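These are my notebook entries on a single model. I set down what I looked up, in the order in which I looked.

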Amino acid sequence: PFLDAGVFNVTANFLGYLSYLNTSSNTITQTVSPPPPAYFPPVFPLLFDMNAEPAFNGNPVSPTESGYIGVLPADTYNNTRGYGWATTVQGFDNGNSPPVGALEEDGAYNTSPGTFLIDLPAGSYLFNLTIGDSTGTVSGMNVSSNYGPTLANLSTSSGMFITPTLPVSLVVAGQVQLNFSNSLALPWILNGLTIIPTRVSPVAPPPPPMPGGRRLGQECKSG
């Protein structure tokens, strides 16, 4: 029969002692594992807007650019959403003075190194970064990943923004570690991140459910 996940006592009729089971009992405990989690591939492009905590510098809400996913400084990675900071960073919000877009007015920063984590299928990607400060400069900033080259000594003029691109390639599905640091012991800054695939290897979803909601490999037979 088909069984839902759980632990069951399965009774079978045996003749004599079953040496290979090392038991003279006619009851066997059978464990049925739950089905694998549903398969949800990422929807590209992935758009992240790094925000500040609410009420930073008196601003009640740190805005998120339309169509983007807002990421707060305390949004650390978990495997449910598949992305987040390795450890909590800091955030800033300059408000809309001087006038800038929702993506540029706020961001994540830190004076110590920071790492943004994201799970991706095997493939090749372009990580497009938005970096800048509407009221200041950026100097000596470095960006690297565990699957690509390093962007070194990035800088901006006061009130200006740059959009460097970091290529990333994964032979198999894995977790990309996007590392931020500063060679001058100044803050690194990240306003936004866009991930665009140039090639994604097909990933097979889990097998379809069998009748009754079970999946292949979950049939338990007795006798």
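I began with a strand pair in this predicted model. Strand 10, residues 138-145, pairs with strand 11 in the antiparallel sense, and I found four bridges between the two. I then looked up valine 143 and noted leucine 151, in strand 11, as its bridge partner.

Next I traced the sheet. It is open and consists of five strands in the order 5-8-14-10-11, with antiparallel pairing. At the edges I found strand 5 (83-85) and strand 11 (150-156); each has a single partner strand, so one side of each lacks a neighbour in the sheet. For the angle between neighbouring strands of this sheet I noted an average of 20 degrees, direction ignored.

I turned to serine 134, which I located in the loop between strand 9 and strand 10. Is serine 134 buried or exposed? Its relative accessible area is 6%, which is under the 20% limit, so I entered serine 134 as buried. Its side chain makes a polar contact with the side chain of asparagine 94, at 3.1 Å. Leaving out residues up to four places away in sequence, I listed Asn94, Pro98, Val100, Gly159 and Phe161 as touching serine 134.

Last, I examined the largest nonpolar core, which has 32 residues; Phe48, Trp85, Phe116, Ile118 and Phe127 touch the most other members. Strand 9 (residues 123-132) gives the most to this core, namely four residues. For phenylalanine 116, neighbours within four places in sequence aside, I recorded contacts that include Phe48, Met50, Val71, Trp85, Leu178 and Leu193.

Methods:
Residues numbered from 1 in each chain as written. Predicted model: local features only at pLDDT ≥ 70, side-chain atom pairs only at ≥ 80, totals over all residues. Heavy atoms only, no water. Core = buried A, V, L, I, M, F, W, Y, C linked by side-chain atoms within 4.5 Å. Buried < 20%, exposed > 50% of the residue type's maximum accessible area, 1.4 Å probe, protein only. Contact = heavy atoms within 4.5 Å. Pairing = 2+ DSSP bridges. Axes fitted to C-alpha atoms, helices over the stretch in contact; angles between N-to-C directions. Polar contact = N/O pair within 3.5 Å; in protein donor to acceptor, adjacent residues only side chain to side chain.
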